[in-house]
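Me: Hello! I am new to this structure and would like to go through it in small steps. Could you show it to me?

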Amino acid sequence: MRLLLLALTMAAVLAFGPAQAAGNDQSQQLPIHIQSDNADFTQKSGVSTYTGDVRLTRGGLTLTGDKLVITRLNDRSRIQAVLTGDPAHIDKQPDSSGDQVVTGHAHRIEYSNDSSVITLRGNAEVNRNGDQIRGAVITHNLDTGATHAESGQGDKARVHITIQPAKHDDS
């Protein structure tokens, strides 16, 4: 429940996809700003590559990493995006009342609007209001609402989830 909200907010983090990925029609009206040391565009192949201190912003969303590759597939409405870094970071500030700050990081953050799946790979961690998911891989399917976290290799590698108790207003 709270983890699902956390994962759905992660979807907004990769808001350069279509409306269903942004989870918010209002955010679709906001421009995307990308800053990097280098940018390469190949219109024929539909690949855009941004390298060196990459910063993508859209409204209250900020993605940072070393490299961002956005690929438009076949009909150009399908997008695959991969952000890498050491680690790549997500910072999603509230868009409206009731929203909460979501932060996270992983060595690789992948998104495909074709499969509606967001995947954080390599020391993945997502935080929201004290709740936290940590694992080698965290995957969320936007269509089904299913979230899956995987441990890494080794005896002590485990998935870690922290869920804070709900706060009650006694007034």
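Me: Which residue forms a salt bridge with arginine 121?
Reply: Happy to start there, with a note that this is a predicted model, where local features need pLDDT of at least 70, side-chain atom pairs count only at pLDDT 80 or more, and totals for chains, interfaces and linings use all residues. Residues are numbered from 1 along each chain as its sequence is written, and side-chain values use heavy atoms, leaving out hydrogens and water. A salt bridge here is a side-chain nitrogen of Lys or Arg within 4 Å of a carboxyl oxygen of Asp or Glu. With closest N and O atoms 3.0 Å apart, the partner of arginine 121 is glutamate 110.

Me: How many residues apart in sequence are the parts that this pair ties together?
Reply: Arginine 121 lies in strand S7 (residues 117-128), while glutamate 110 lies in strand S6 (residues 102-112). Strands are DSSP runs of E with at least two residues, helices are runs of H or I with at least four, and both are numbered from the N terminus. The pair therefore ties together parts whose separation in sequence is 11 residues.

Me: Which residues are joined into one network by salt bridges that share partners?
Reply: The structure holds 2 salt bridges. Besides its bridge to arginine 121, glutamate 110 forms one with arginine 108, with closest N and O atoms 2.4 Å apart. The shared partners give one network of Arg108, Glu110 and Arg121.

Me: Is glutamate 110 buried or exposed?
Reply: Buried means under 20% relative accessible area, exposed means over 50%, and partly exposed is in between (1.4 Å probe, protein chains only). Arginine 108 has 34% and counts as partly exposed, and arginine 121, with 36%, is partly exposed too. Glutamate 110 has a relative accessibility of 17%, so it counts as buried.

Me: Which strand gives the largest share of the largest nonpolar core?
Reply: A nonpolar core is a set of buried Ala, Val, Leu, Ile, Met, Phe, Trp, Tyr and Cys residues joined through side-chain atoms within 4.5 Å. In soluble globular proteins, nonpolar side chains tend to be buried together. The largest core here has 22 residues, and those touching the most other members include Leu63, Leu83 and Ile138. Strands S3 (47-58), S4 (61-73), S5 (78-92), S6, S7 and S8 (131-141) each give two or more residues, and the largest share, 5 residues, comes from S5.

Me: Why is the pair of phenylalanine 41 and tyrosine 50 called edge-to-face?
Reply: Rings of Phe, Tyr and Trp (its six-membered ring) pair if their centres lie within 6.5 Å; planes under 30 degrees apart count as stacked, over 60 as edge-to-face and the rest as tilted. A search of the whole structure finds 1 aromatic pair. Phenylalanine 41 is exposed at 58% relative accessibility, whereas tyrosine 50 is buried at 9%. Their ring centres are 5.8 Å apart, and the pair is edge-to-face because the planes meet at 75°.

Me: How many helices and strands does the chain have?
Reply: Read along the sequence, the pattern is α-α-α-β-β-β-β-β-β-β-β-β-β. Of the 171 residues in the chain, 39% count as buried. The count for the chain is 3 helices and 10 strands.
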